[in-house]
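Me: I am new to this structure and would like a close look at a single part of it. Please take one residue as the starting point and work outward from there.

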Amino acid sequence: SGSALGSIVLVELMLFVMALACASPFLDLRRRTINIPIIFSGSTYTPESARFSPEDFRNFSMEINPIPVVLNDTNPRSLIVRLCDVLSSLHIHGVVFEDDTRTEDVAQILDFISAQTSVPIIGINGGSAIVLTPKEKGSTFLQLGSSTKQQLQVMFEVLEQYDWTAFAVITTLFPGYEDFVDYIEVLTDSSFIGWERRSTVTLNLTDDPDGARLKRQLREINARICLLYCSREEAESIFRAAREVKLTGPGYIWFMAGANFGRTAYLPEELPEGLFMVLSAGWKDDLYHRVQNGVAIIAKGAEALFQVYGSIPKFNSDCRAPNLTQFNENLHRYFMNVTWGDKDFSFNEDGYLINPSLAVISLSKHRTWEEVGRWERRILSMSRYRKFLQPVDDNKHLMVATLEERPFVIVDDIDPATKTCIRDSVPCHHPLNHTDRYLCCKGFCIDILKRLAKTLGFTYDLYLVTNGKHGKKVNGMWNGMIGEVFYKRADMAIGSLTINAERAEVIDFSVPFVETGISVMVSRSNGTVSPSAFLEPYSPAVWVMMFVMCLTVVAVTVFIFEYFSPVGYNRSLSNSKRTGGSKFTIGKSIWLLWALVFNNSVPVENPRGTTSKIMVLIWAFFAVIFLASYTANLAAFMIQEEYVDTVSGLSDQKFQRPQHHYPPLRFGTVPNGSTEKNIRNNYGEMHEYMGKYNQRSVEDALQNLQTGKLDAFIYDAAVLNYMARKEEGCKLVTIGSGKVFATTGYGIALQKGSKWKRPIDLALLQFLSDGKTSWIRPRCYKWAPACSKNHMLPFRARSPCSHFPNCRA
């Protein structure tokens, strides 16, 4: 019947669909299933902890069939046999591999099996994250852990941020140690930072049963920063020996790659406090989330394969047979760029994430791992800035006070993008109202401090003085940097700190590292002539005396002599000796004298009286001299492109008797400094006069010089010369024929009797004498860009490097 025939056709159709489903599960668009073994390799995994079901992976378009496999036997041979058994017994589409053994062979085994079978294998933890390049051809072994290269990149950014530039490299024969050393060479050789690799030690622990050779090698290390590459088991032996030779503890910092302790509860007591490691940002993720990430990569890659080919190839199930998979050469590219939710699983050719998010962790004093930084989008962001490596070595850790004054100390805000200090600067803080504002300091003195720290082996905590002063005794109390050192709040103060006798009575100074003194800065005119420029050659008093007093008095005198002269115009008319004619009036007398001043003839009678004529001749001689002097001064002023006030020194009369000059010179300095003290001690009247023109800061003084509110600024020579070169319009210049008045120097302030004085003195002298100061030269010019117009002045500003002995060629 028709119904029976229909039933038979329906049964045959169902059987056909079931056969197709068995042949290729992905041809059924409504129910696509992929088989993913989740292998747990290590003794810490139990069947209960490794239990997963399809319900745990419902957030994928394909149905996931997880196959948990626990491999407690971590022997490499057993691992290969068990993996091959799993692949040959099931129709596998991918493998997620979790490992806690950190065995060096695991990565190579997984890489080989993936290349042999084309099965994508995702290593999510442990030893699977240390595979060495180059990879096997055709391998789709991908890793969510960070590579040694990525770890070193982050470690060196931490070292740079905290100015830990001197370090030692320690490795064992753990596979990959040669790449570890080679990449350190690449990082240091390609950087402009002065990295100093003090030693490279390769340890062989296999034939050193009592550890005698290990201890001897560790004793020879003279660095306080150590980069270690070893296995987990080797780390215990190394740190045990390092503790015995006192290479751990306060003041010593260790960075470790290779071994992974952060993800496990196992924490050997030998690990030192403050130990650094770099792990993936999900280092605290539980097992479920790690497996989810691995499964997601396989599921998304399978989706991409199905969309292109309509199926997923049947992978080679025999580890020993040649790989004949049709898509072998191109299979891996479907798993290389996967996006799942907000996570980017893009891998490079070596099988590592291209843009990993990494965490910097450190072992705290409570014996727990603490995250202290993140590395995301290739930018390092540290969560702490001060002494997070506790405890530090108090004997070699110094509190250093400083004060902003360009170019010696330049203070910038923390870089908003990286939340850290950019290159050439170090972290510093400004304590305000019991809170700290974190900033970044750089400059000439900071370079000196960094060099001293590297040479003498100390660490430091840098902060800015709260009152912004160099140091002055006020009401019996010292303030500024001197006060910080004198009252023992700081071990050292560095900056533009001038050495003088008063300060040297209460603190110790190092040998001078910068030659300086007192100089004077003025502003050039810009060449623009004002409408009243014709009056500039003489002061208002001279003009008033000339035309109000002299001209009027002489005119009246000439008129009187002419009026009473027997032969004068007025007398002749009154005696009727002449008829008609003009009278010689006072107005005509003034008009005549005015005309003589400017050497012009006017239609007016000359006086006839002898005395009057003599008076007019004397006036004419005076007018010639006055006109010649005025014309010369006016011409010189009008044609001069730039005009600079000239003084011969602090004893110049423009400084000593400013009221006797027109206009009086307006000059000042910044009070409470060595410049003001020098002027007060040697030039009392000058100091009293300049008080009303003193400036709050150098920046205010420069602004007032440029706007014409101040004529001259007296201050430290090195600072003024830097400012003169830095000013864009070259309008500000120092004067004095290159002379520096009251020559002195900058020194580092130390507490009286400090044990650091002699080492610092010797180090500074060494910097200046042994030819190793080339590191300063480019920075001198970097902080002080040259002004091209300085050579135009008859009184030149000296180059800033002329004040820096270690900048001179």
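Reply:

**Phenylalanine 564 and its surroundings**

Phenylalanine 564 is part of helix H12. The model is a predicted one. The residue has a relative accessibility of 53%, and because exposed means over 50%, phenylalanine 564 counts as exposed.

Phe564 also belongs to a nonpolar patch on the surface, together with Val556, Ile560, Tyr563, Ile586 and Ile590. The accessible area of these residues together is about 490 Å². Two helices, H12 (540–564) and H14 (586–597), each supply at least two residues of this patch. The most comes from H12, which gives 4 residues.

A record adds to the picture of this part. In an unreviewed UniProt entry, the annotation "transmembrane region" covers residues 541–564, and it also covers 614–639. In the model, the span 541–564 is 100% helix and 0% strand. The C-alpha atoms at its two ends lie 33 Å apart.

Another helix can be set beside this part. Helix H4 (residues 148–161) has 14 residues, which at 1.5 Å a residue should span 20 Å; its end C-alpha atoms are 20 Å apart, so the two values agree. Buried residues in H4 include Leu152, Val154, Met155, Phe156, Val158 and Leu159. Gln150, Gln151 and Gln161 are also among the buried residues of H4. Just after H4 comes aspartate 163, with a positive phi of about 60°.

How values were computed:
Residues numbered from 1 in each chain as written. Predicted model: local features only at pLDDT ≥ 70, side-chain atom pairs only at ≥ 80, totals over all residues. Heavy atoms only, no water. Expected span 1.5 Å × (residues − 1). Buried < 20%, exposed > 50% of the residue type's maximum accessible area, 1.4 Å probe, protein only. Patch = residues over 30% accessible without salt bridge, like charges linked within 9 Å, V, L, I, M, F, W, Y side chains within 5 Å. Areas by Shrake-Rupley, 256 points an atom, 1.4 Å probe, with all protein chains shown as cover. Salt bridge = Lys/Arg side-chain N within 4 Å of Asp/Glu carboxyl O. UniProt positions renumbered as here; feature names shortened; annotations may be inferred.
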